[in-house]
Amino acid sequence: MESEKSRNGVNHFENIACPFCGIACDDLEIGPSASGSLKVLKNGCARSVAGFGRPLVEPNPEVDGKSVSLEEAVATAAKLIRESRLPVFSGLGTGVEGVRAVMALAEAGGGVVDHALSVSAYRNTRVMQSSGWLTTSLTEARNRADLFIIAGSDIHKSNPRFFERVVCNEASMFSDNPPKRTVVFLGEGLDPSAATGPRVGEVVTIPCKTDRVGEILDAMRAIQKGAIITDETIGGVPRATVEDLFARFKAASYSVVVWNPASFDFAGGDLTVQAICEFIKEANATTRSAGLALGGNEGLPSAVSVCAWQSGYPLRVSYANGKPEYDADLYDAERMLAAKESDLLVWLASIGDDLVPPETDVTTIVLGTPGLKLSRKPKVFIPVGTPGVDHAERVIRVDNVVSLPLRQLRQSKLPSAMDVLASIQAAL
Ligand code: SF4
């Protein structure tokens, strides 16, 4: 449970959940900074320190670059949506309630819903849809795994405290004296520095081009089936090294393969996810192994889950015909904007300052953080608060097994995205 106590008359928060990446650490200690802003006192990382430490600025909304009241901005946004032929609602950097509000507005306004990071998420989704997968949770991996394979992804950058929280933890739920873990870094330029501490045994680095990680998993799948590979190298890696990796898999009692689909940004990147997942599925005939897909930043897991609950489909859903219609290619927001199939973009970015809309000359409404790094002025800009900082919310964690409550930590006049979206819907 989060708690609050007063230090020198100023609120001090413990066990706070962080919205700034997909693993949603829930152990942060936060207090006031000298400048009156927030400061991570304990259990943070560089990203959370920067996120919570953003100064509180409360600018007015703008229409055509001119300062207006919130009511005027809402009325203008509602008019634009009402008159739009096919609005696209994207970005979706928000929590559960924010996505609920976007879905409701898209339904009322007859629009399309897609997240800014769907391109990478779809490398996972396509595999889940076509051949299925066997994945684990952060908690299960933290407590049970004795072998971690970090496959082609610099997890330390996308989810900075993953190693601290899940790999290097000294205690385990199931043992007073848990065994040491082996951590294998399979990929290109991966940073192994966070795999450290008494719980970590061997750290193995296998340099390999990112787009060849799938070949190695496919080869191990073949070896698993009894095939004999005679090539000297596999995916650019010496065969003996791959055989050694396979032997480690077989010897482990619970292996976990970790990846971030954002890393597989090349043609057929989803095939790397598929190679990982097929190997894992077949390995479970004789041992225990699971996948763990990370990333999930900018509220992506919340958007994926809420879209499924509300529409029955994954993201990339259209309400243009009055009922939810799903098409992973047709309702790709970036493609639609490039093809001028939409005449209005409604962009939501309430978590990070970097989640900017794609380059487009389509009329744009932005509900964003006051510091959002926009390259041009949108038609309407409504500054909104950040969930877990300026208002309470709820986020789905990247492993999709829990939702975590986010607290309001400071007094802010910035409205929440959900309130602004509800007001726009009421004014349609
Ligand atoms: S690792 Fe992610 S969730 Fe954890 S404190 Fe850092 S930014 Fe927040």
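**Exercise 1. How do the residues of the shell around the ligand divide into nonpolar, polar and charged?**

Solution. The model is predicted: local features require pLDDT of at least 70, side-chain atom pairs count only at pLDDT 80 or more, and totals for chains, interfaces and linings use all residues. Residues are numbered from 1 along each chain as its sequence is written, and side-chain values use heavy atoms, with hydrogens and water left out.

Step 1. List the shell, taking a residue as near the ligand if one of its heavy atoms lies within 4 Å of it. The residues are Cys18, Phe20, Cys21, Ile23, Ala24, Cys25, Cys45, Arg47, Ser48, Pro160 and Arg161.

Step 2. Apply the classes: Ala, Val, Leu, Ile, Met, Phe, Trp, Tyr, Cys and Pro are nonpolar, Asp, Glu, Lys and Arg are charged, and the others, Gly among them, are polar. The shell then contains eight nonpolar residues, one polar and two charged.

**Exercise 2. Which parts of the chain does the salt bridge of Asp353 with Arg54 tie together?**

Solution. Step 1. Establish the pair. A salt bridge places a side-chain nitrogen of Lys or Arg within 4 Å of a carboxyl oxygen of Asp or Glu; the closest N and O atoms of Asp353 and Arg54 are 3.4 Å apart.

Step 2. Locate both residues on the elements, which are DSSP runs numbered from the N terminus (helices: H or I, at least four residues; strands: E, at least two). Asp353 lies in the loop between strand S18 (344-349) and strand S19 (363-368), and Arg54 in the loop between helix H1 (46-52) and strand S5 (62-63), so the bridge ties together parts that are 299 residues apart in sequence.

Step 3. Examine accessibility, where buried means under 20% relative accessible area, exposed over 50% and partly exposed in between (1.4 Å probe, protein chains only). Asp353 is buried at 16%, and Arg54 is buried at 17%.

Step 4. Set a second pair beside it. Asp154 bridges to Lys157 with closest N and O atoms 2.9 Å apart; Asp154 is buried at 17%, whereas Lys157 is exposed at 59%. In total, the rule yields 34 salt bridges.

**Exercise 3. Which strands stand at the edges of the open sheet?**

Solution. Step 1. Write the strand order, pairing two strands if DSSP finds at least two bridges between them. The nine strands run S6-S5-S20-S19-S18-S7-S8-S16-S17, with mixed pairing.

Step 2. Read off the ends. Strand S6 (66-67) and strand S17 (325-326) each have a single partner strand, so one side of each is left without a neighbour in the sheet.

Step 3. Inspect a pair within the order. S7 (residues 87-93) and S8 (residues 112-113) run parallel and are joined by two bridges; Phe89 has Val113 as its bridge partner in S8.

Step 4. Turn to an antiparallel pair. Four bridges join S21 (residues 393-396) to S22 (residues 403-406). Six residues lie between these strands in their hairpin, where Asn400 takes a positive phi near 60°.

**Exercise 4. Is Val273 buried or exposed, and with which residues is Val273 in contact, leaving aside neighbours within four places in sequence?**

Solution. Step 1. Place Val273 in helix H10 (residues 269-283).

Step 2. Read the accessibility: at 0%, Val273 is buried.

Step 3. Collect the contacts, defined by heavy atoms within 4.5 Å. They are Arg123, Asn124, Val127, Trp259 and Phe264.

Step 4. Add a separation: the C-alpha atoms of Val273 and Met128 are 9.6 Å apart, with their positions 145 residues apart along the chain.

Note on methods: A residue is near a molecule or strand if one of its heavy atoms lies within 4 Å of it.
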